[in-house]
Amino acid sequence: MIVPVIAVLTILVALDTLFPPPLERAENVSPLVLDVHGEWLHAFSASDDRWRFRADLDEVDPVFVERLLMIEDKRFYNHIGVDFRAVLRAATSSARAGRIVSGASTITMQTARLLEPRPRNIGSKAVEMIRALQIERRLTKREILELYLTLAPYGGNIEGVRAASRFYFDKDPIRLTDAEQALLIALPQSPEVRRPDRRPKAARKARAEILQKLADAGAVSAKLRDEANAAVLPQNRHPLPKVAYHAAYRLSSASHGYVVRSTLNARLQKQAEAMVAAYVDKYDDGATASLILIENESRAVRALVGSSGLDAKGGWIDLTAAARSPGSALKPFIYGLAFESGLASADTIIEDMPRAFGDYAPENFDQTFRGEVHVREALQHSLNVPAVRTLDRIGAGRFASVLRASGINLRTPDRADKSSGLALALGGAGVTAQELAMLYAGLATDGTVLPLQWTTDEKREAKPYRLFSEPTAKKVSAILADAPALEGRAPAALSQKALKVAFKTGTSYGFRDAWAAGHAGGYTAIVWVGRADGAPRSGATGRNTAAPLLFDIFDMIEAEGAQNGPNQLNDDPALVMARFDRPTYQSPPQIIFPRSGVEIFMGSADRGFALAARGGGGDYRWYVNGDLIKPDRSNGRHVWHPDTPGFYDVTVVDRTGNQAKSKVRVTAG
């Protein structure tokens with residue numbers, strides 16, 4: 001007798017293993033992103049276009065759960081998935097009446113039906129019983145309840161108690177009224193017939209029936225029953241919150257349907273979105289904007305606006321994650337490395353004069369030069385030549401390596417050496433607003449760079465990268481905080497309460513990108529303004545386009561109660577008033593041939609004209625009308641072959657960057 005029993009049990013276990021219940025359907029839920037305090041930011045429908053949020057009994061009113069079991073499955077905690085006593089009672093009652101009087105489905109059996117919808121007949125009921133036994137073998141009673149409350153239908157494409165409570169009552173199901181509880185208990189029994197927004201009479205009747213059953217069981221008093229019956233039914237679905245779309249989409253894509261507690265602050269996020277949308281609304285050239293706000297101490301993202309709105313051109317793109325030319329926004333870090341290396345201080349004198357660096361000859365934005373200036377002035381006024389001189393002294397390769405080591409993915413031009421060279425000082429490599437936020441948050445603290453924090457349960461795996469020391473970070477920040485105030489805005493120094501913002505602007509080549517980056521009051525903000533398609537916007541600079549929005553953001557932070565931190569500048573006495581990068585060669589090269597003003601006959605030299613110079617630093621490079629004249633491979637001489645008669649500009653540049661020019665005329669005879 002024992003052997004046959006063991007054989008049957010073995011077969012049953014094997015079948016249970018080979019044909020398990022499809023619990024994976026419950027994994028297809030709607031991703032939900034919350035703010036740092038648990039407030040809803042944004043939710044996305046499940047892959048089958050249904051709203052189905054994962055239920056957690058800790059977030060569902062326990063009185064509702066008790067009443068649900070009272071109505072649907074009184075012996076839920078005492079049966080093994082099938083209540084055989086209820087089955088026997090239902091079968092007896094139906095046989096006596098000659099029709100089905102009552103069902104005997106347990107919560108577990110209903111869950112099995114929700115996992116595998118089937119036609120309602122005796123065969124399906126048998127399958128549900130088997131599946132219920134399988135489910136009970138795999139899950140705890142709590143897990144089964146949560147599974148049911150995740151899958152239960154509530155009309156239309158609403159499934160689960162959390163979605164139903166949100167759509168019908170605009171709140172989570174942690175505190176439900178008697179009327180709300182009764183409606184949510186009644187709806188899954190006939191969700192389409194009893195939908196309150198479409199069939200209010202049927203919904204009211206079903207609610208009343210549940211309330212009466214609860215009153216009969218002593219769960220509610222007659223007075224509370226009558227008050228609940230008089231309660232107004234929901235007439236429409238409440239819209240779900242739609243805040244922080246870009247950040248929520250990023251986080252939900254990696255959540256696998258689980259609820260994500262982000263580091264965003266819903267109040268700051270809503271204000272930031274409104275400010276960006278209102279700011280961009282004044283432009284009619286297709287411009288949009290993006291913004292990221294970081295809390296410096298934790299590196300937590302408190303607000304992220306990927307665009308001025310989803311209805312804007314390119315509005316679905318998270319432009320804080322788009323690589324763009326930063327213009328001059330990296331200059332503070334060039335000078336920071338120079339301070340750290342002992343090459344300069346804030347009061348070091350540096351020349352802002354025309355100079356070529358090989359074939360690279362930068363100019364200032366206003367196409368004027370200021371002669372000798374202090375490094376602090378060069379940074380505050382964003383002078384190009386001093387920044388390139390400093391980067392040349394530090395080494396463009398070293399600077400790029402430092403940025404990459406800190407987690408910045410420089411997008412360099414598509415060329416053989418993959419290097420942006422000295423153009424890196426003026427925006428020659430693409431970065432994102434999120435990466436700039438990492439750098440400026442490091443500048444605002446102790447000089448270390450860390451990845452941004454996106455969720456509250458995120459574990460710090462990356463070690464902080466020290467960009468430079470804390471004193472250097474304070475020096476650079478102090479210089480930026482004393483930069484000239486924006487036009488029409490009073491300097492922060494004139495007010496004791498106003499935040500003193502350490503900020504830097506940037507404008508990319510062709511006015512394609514306008515940047516403003518800064519920190520104050522414990523926060524770092526990065527603002528970008530431009531077109532999503534990268535088209536130029538004539539005259540739109542970082543200072544006149546992005547900086548006003550940056551200061552609006554810090555006005556908002558100030559209103560939140562943020563206060564100024566220390567901004568002090570203690571310079572190195574040994575470098576005060578020192579001269580930066582004194583040239584080794586005091587005099588520029590001189591052109592021996594062709595001297596300026598001479599005429600050259602094309603027929604006088606069949607093999608071209610040998611270019612000659614003396615003095616300077618040697619290692620000459622020659623240019624004619626801007627075109628490089630390459631040296632002859634056999635003898636190293638630079639020979640120029642003019643194509644046609646006309647006027648030509650001849651330039652020689654030595655290895656120190658000094659240059660000389662001559663203007664000559666070539667005639668045919």
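**Warm-up: taking stock**

How many helices and strands are there in the protein?

Solution. Let's count: the protein has 19 helices and 23 strands. Both come from DSSP runs, helices being H or I over at least four residues and strands E over at least two, numbered from the N terminus. Bear in mind that this is a predicted model, where local features need pLDDT of at least 70, side-chain atom pairs count only at pLDDT 80 or more, and totals for chains, interfaces and linings use all residues. Residues are numbered from 1 along each chain as its sequence is written, and side-chain values use heavy atoms, with hydrogens and water left out.

Next, burial. Of the 669 residues in the protein, 50% are buried; buried means under 20% relative accessible area, exposed over 50%, and partly exposed in between (1.4 Å probe, protein chains only).

Last, contacts, meaning heavy atoms within 4.5 Å. Among those with a separation of 6 or more, 69% link residues 24 or more positions apart.

**Exercise 1: the cores**

Find the residues that touch the most other members of the largest nonpolar core.

Solution. Start with the term: a nonpolar core is a set of buried Ala, Val, Leu, Ile, Met, Phe, Trp, Tyr and Cys residues joined through side-chain atoms within 4.5 Å. The largest one holds 74 residues, and the best-connected members are Ile 292, Phe 333, Phe 399, Leu 436, Leu 439, Tyr 440 and Ile 526. Helix α17 (residues 433-444) is the top contributor to this core, with eight residues. There's also a second, separate core of 53 residues, including Val 60, Val 65, Tyr 154 and Ala 164.

Now zoom in on Phe 399. Skip its neighbours within four places in sequence, and its contacts are Leu 330, Phe 333, Ile 334, Leu 337, Leu 391 and Leu 424.

**Exercise 2: two enclosed helices**

Why is helix α4 (residues 107-115) described as largely enclosed by the rest of the structure?

Solution. Go residue by residue: Ile 107, Thr 108, Met 109, Gln 110, Thr 111, Ala 112, Arg 113, Leu 114 and Leu 115 are buried. That is nine of the nine residues of α4, so the helix is largely enclosed by the rest of the structure. The cover over these buried residues includes α2 (62-72), α5 (122-138) and α6 (141-151).

Try helix α15 (residues 384-394) the same way. Here nine of the eleven residues are buried, so α15 also counts as largely enclosed by the rest of the structure. The buried ones are Asn 384, Val 385, Pro 386, Ala 387, Val 388, Arg 389, Thr 390, Leu 391 and Ile 394. They pack against α13 (331-340), β8 (349-352), α14 (375-380) and α16 (396-405). Just past α15, check Gly 395, which has a positive phi of about 110°.

**Exercise 3: helix pairs**

Work out how α17 and helix α18 (residues 470-481) are arranged.

Solution. First the geometry: their axes come within 8 Å and cross at roughly 105°. Axes are lines fitted to C-alpha atoms, for helices over the stretch in contact, and angles run from 0 to 180 degrees between N-to-C directions. Angles under 35 degrees count as roughly parallel, over 145 as roughly antiparallel, 65 to 115 as roughly perpendicular and the rest as oblique. So α17 is roughly perpendicular to α18.

Then the residues: Tyr 440, Gly 442 and Leu 443 of α17 meet Ala 473, Val 476, Ser 477 and Leu 480 of α18. By class, that's five nonpolar, two polar and no charged residues. For the sorting, Ala, Val, Leu, Ile, Met, Phe, Trp, Tyr, Cys and Pro count as nonpolar, Asp, Glu, Lys and Arg as charged, and the others, Gly among them, as polar.

Repeat with α2 and α8. Their axes come within 10 Å and cross at roughly 45°, and α2 and α8 are therefore oblique to each other. The contact uses Val 63, Phe 64, Arg 67, Leu 68, Ile 71 and Glu 72 of α2, plus Asp 178, Gln 181, Leu 184 and Ile 185 of α8. Its residues split into six nonpolar, one polar and three charged.

**Exercise 4: one leucine**

Is Leu 549 buried or exposed?

Solution. Leu 549 sits in helix α19 (residues 542-559). Its relative accessible area is 0%, so it is buried. Beyond neighbours within four places in sequence, Leu 549 contacts Met 275, Val 276, Tyr 279, Ala 289 and Val 527. Finally, the C-alpha atoms of Leu 549 and Val 280 are 9.5 Å apart, with their positions 269 residues apart along the chain.
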